[in-house]
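Work through the exercises below with the sequence and the 3D view at hand. Try each task before reading its solution.

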Amino acid sequence: MFGQTTTTTTTPPPTDRGLEDLDAAALAYAARIAGLPPERRQEARDDLVRFALPFAGRLARRYRGRGEPLEDLEQVARLGLVNAVDRYDPERGSFTAYAAITIVGEIKRHFRDRTWGVHVPRRLRDLILEVGQATAALTSELSRAPTVAELAERLETPEEEILAALESAAGYSPASLNAPVGGESSAEFGDLVGESDNALESVDDRVTVSGLLHRLPWRERRILAMRFYGNQTQAEIAARFGISQMHVSRLLSRALTWLRQAMLADAPPPWQNGAAESEPAKTRISVKQNGDRVVVEVGGEVDRDGADQLRRAMLAAVTGQPREVVVDLVGAGGFDAGGIAALMAGRDAAARTGVPLRLTRVQPAVRRSLAAAGLPPAGD
């Protein structure tokens, strides 16, 4: 009868809070709330939590000196105590043992998840603790620091994982980048790490170009990739697509012009994909006899396909032994390597037969190509 009175009305006095009193208080709490509605159980719950706070504080103090403030550990321990009270079931045994397990588990979880300066996988964090314990034990046995091989043998773990754990341990409390270097210098540790990335300013342009490239037709997009990402020459690209080098040059110029316009505009301009723009102007060769002088008129783009036609026309003009051969290039828009070779073949044939050969009315773009090949045009 006396025992029933003490378990249903009051909690044990706070002057003698041993483990037996903690269990008795928990049993009294369970009996007290048995007949109460949920809204009236809060006061009894708060009484038990306040009564067990010193017990949670003692458990928290066991873990002080491990890099975490004692106040934070006490808060974590109190949270574990509240969880233990809320989940307590007197039919499962001692409240003291259950509360200790819950509080210690909450503290260990805090150390595992909240105290690392950088993210480290849980497997490595557990291994770091084992390596620390094994290091202390082996140091005591060997009177020196153990080697990686000795730690691996003690823990029956591969040496690679031991090394990974030792390296990851530095992530628990990494040095601050704002820490002073030392002395009277105002420099910080972050000033000594890394360097300026000069390509950082071009990130926005690179992202924009990447999106615009997908708006180009497949062939132009592929040619740009081969030229600027694959570092292939125009001749190699032309051979790959079965077109002339001059045609590749025109496609590259057209695609790059569109990209520049799209980069500077709020909305990308439409891509014009007309047949007349996508194909080069065809080579036009005509030979005219003007007295004892022969005029070879050249028009369009002289590429690999038109080079043979130009070579045959020039050789035929020289073979007739005229007083002069004039190559009129006013209508020529460009020469690829084959076209330049045809002009050089005509020049060499004229030199062998002693017939003067003159290149006239050359366009500025063609003039540069001829000069690079050693074919300076005559004064127009």
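Two strands pair if DSSP finds at least two bridges between them. The model used here is predicted.

**Exercise 1. State how many helices and strands the protein chain has, and what share of its residues is buried.**

Solution.
Step 1. Count the elements: the protein chain holds 16 helices and four strands.
Step 2. Buried means under 20% relative accessible area. By that cut-off, 34% of the 380 residues of the protein chain are buried.
Step 3. Look at the contacts between residues at least 6 apart in sequence: 59% of them join residues at least 24 apart.

**Exercise 2. Find where the confidence of the prediction is lowest and where it is highest.**

Solution.
Step 1. Begin with the whole protein chain, where the mean pLDDT is 80 and 87% of the residues reach 70 or more.
Step 2. Go to the elements. Helix α1 (residues 2–8) has the lowest confidence, with a mean of 37, and helix α7 (residues 148–155) has the highest, at 91.
Step 3. Mark the stretches under 50. One is residues 1–18, for which the model has 17 contacts beyond four places in sequence. Another is residues 274–278, with eight such contacts.

**Exercise 3. Give the order of the strands in the sheet and name the edge strands.**

Solution.
Step 1. The sheet is open, has four strands in the order β1-β2-β3-β4, and its pairing is mixed.
Step 2. The edges are β1 (284–290) and β4 (357–360); each has a single partner strand, so one side of each lacks a neighbour in the sheet.
Step 3. From one strand to the next, the twist averages 20°.

**Exercise 4. For each pair of neighbouring strands, give the number of bridges and the direction.**

Solution.
Step 1. β1 and β2 run antiparallel and are joined by seven bridges. In this pair, Gln 289 stands opposite Val 294 in β2, and Asn 290 is opposite Arg 293 in β2.
Step 2. Inspect the hairpin of β1 and β2. Two residues lie between the strands, and Gly 291 takes a positive phi near 70°.
Step 3. β2 and β3 run parallel, with nine bridges. Val 302 has Phe 335 in β3 as its bridge partner.
Step 4. β3 (residues 324–335) and β4 also run parallel, joined by four bridges. Here Val 327 is bridged to Leu 359 in β4.

**Exercise 5. Describe what covers the sheet, starting from β2.**

Solution.
Step 1. Of the 10 residues of β2, eight are buried, and the strand is mostly covered.
Step 2. Helix α15 (residues 337–353) lies across β2 (293–302), β3 and β4, and runs at about 175° to β3.

**Exercise 6. Decide whether Leu 310 and Thr 283 are buried or exposed, and list what each touches.**

Solution.
Step 1. Locate the residues. Leu 310 is in helix α14 (residues 304–319), while Thr 283 is in the loop between α13 (275–278) and β1.
Step 2. Apply the cut-off of under 20%. Leu 310 has a relative accessible area of 0%, so Leu 310 is buried. Thr 283 is at 16% relative accessibility and therefore also counts as buried.
Step 3. List the contacts, leaving out residues up to four places away in sequence. Leu 310 touches Ile 285, Val 298, Val 302, Phe 335, Gly 339, Ala 342 and Leu 343. Thr 283 is in contact with Gly 299, Glu 301, Val 302, Asp 303, Gly 306 and Gln 309.
Step 4. Take one distance along the way: the C-alpha atoms of Leu 310 and Gly 346 are separated by 8.7 Å, though the two residues are 36 apart along the chain.

**Exercise 7. Classify the crossing of α6 and α8, and describe the residues that meet there.**

Solution.
Step 1. The axes of α6 (residues 122–142) and α8 (residues 159–168) come within 9 Å and cross at roughly 90°.
Step 2. Angles of 65 to 115 degrees count as roughly perpendicular, so α6 is roughly perpendicular to α8.
Step 3. On the α6 side the residues are Arg 123, Leu 124, Leu 127, Ile 128 and Val 131; in α8 they meet Glu 161, Ile 162, Ala 164, Ala 165, Leu 166 and Ser 168.
Step 4. Sorted by class, this contact of α6 with α8 has eight nonpolar, one polar and two charged residues.

Notes. Residues are numbered from 1 along each chain as its sequence is written. This is a predicted model: local features need pLDDT of at least 70, side-chain atom pairs count only at pLDDT 80 or more; totals for chains, interfaces and linings use all residues. Side-chain values use heavy atoms; hydrogens and water are left out. Axes are lines fitted to C-alpha atoms, for helices over the stretch in contact, and angles run from 0 to 180 degrees between N-to-C directions. Angles under 35 degrees count as roughly parallel, over 145 as roughly antiparallel, 65 to 115 as roughly perpendicular and the rest as oblique. Contact means heavy atoms within 4.5 Å. Ala, Val, Leu, Ile, Met, Phe, Trp, Tyr, Cys and Pro count as nonpolar, Asp, Glu, Lys and Arg as charged, and the others, Gly among them, as polar. pLDDT is the predictor's confidence in each residue, from 0 to 100. Buried means under 20% relative accessible area, exposed over 50%, partly exposed in between (1.4 Å probe, protein chains only).
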